[in-house]
Amino acid sequence: SYFSKGDCFPCPQEGCPMMGHYADRFPAKLKRINQKYFLNTAADPPFTSWRQRAFIKLSGVKKTRGDINLVFHDKEGNTKEYQITSGVLSQDEIYTKYLDVEINPKLVKKVEFLWIKTPFTLLWARLGADTVNITHGEDGHR
């Protein structure tokens with residue numbers, strides 16, 4: 001199908017159709033006809049996901065290689081890991097990614113910053129996160 005091949009993206013100039021909890025806040029989109037709607041879901045039951053924006057500024061070394069991941073921990077001990085970026089990392093860049101997180105933000109106990117270093121990288125122990133911001137919801141709550 002077109003959707004599974006990714007041929008439906010990017011959205012048209014007028015924006016993607018809206019469905020779900022906040023669809024009524026976009027009345028112009030509701031008036032369109034013959035639209036196809038697609039909903040991103042989690043892989044496992046209950047299939048809900050929460051769109052969150054991760055914003056990370058690094059500190060410690062000018063340039064190195066590796067992966068930056070965030071691990072979300074909920075109050076029941078469940079964890080889920082998401083990759084933010086991979087490859088050359090620099091403290092001069094800000095890494096931003098939208099994540100469909102499968103843990104309800106209200107149940108998140110902590111978010112862990114992980115840097116997975118590429119072997120043989122010198123100075124690896126000095127890299128850290130200068131800033132990690134995560135926002136969720138239509139009004140950008142942290």
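What is the volume of the second largest pocket? I looked this up first and found about 260 Å³, where a pocket is an open set of 1 Å grid points with protein on both sides within 12 Å along at least five of seven lines, and a 1.4 Å probe fits at the points.

I note that this is a predicted model, in which local features need pLDDT of at least 70 and side-chain atom pairs count only at pLDDT 80 or more, while totals for chains, interfaces and linings use all residues. Residues are numbered from 1 along each chain as its sequence is written, and side-chain values use heavy atoms, without hydrogens and water.

I then went through the 16 residues lining this pocket, each having an atom within 4 Å of a point; Pro 45, Pro 46, Asp 74, Glu 102 and Ile 103 are the closest to its centre.

Next I turned to the sheet, which is open and made of three antiparallel strands in the order 3-2-5 (a strand is a DSSP run of E with at least two residues, and two strands pair if DSSP finds at least two bridges between them). Strand 3 (79–90) and strand 5 (108–117) are at the edges with a single partner strand each, so one side of each has no neighbour in the sheet. I recorded nine bridges between strand 2 (residues 63–74) and strand 5, and Asn 69 has Leu 114 in strand 5 as its bridge partner.

Last, I checked burial, meaning under 20% relative accessible area with a 1.4 Å probe, protein chains only: Phe 72 is buried at 2%, and Tyr 82 is buried at 10%.

How values were computed: Helix = DSSP H or I, 4+ residues; strand = E, 2+ residues; numbered from the N terminus. Points joined across faces, edges and corners; volume = space filled by probe spheres on them. Buried < 20%, exposed > 50% of the residue type's maximum accessible area, 1.4 Å probe, protein only.
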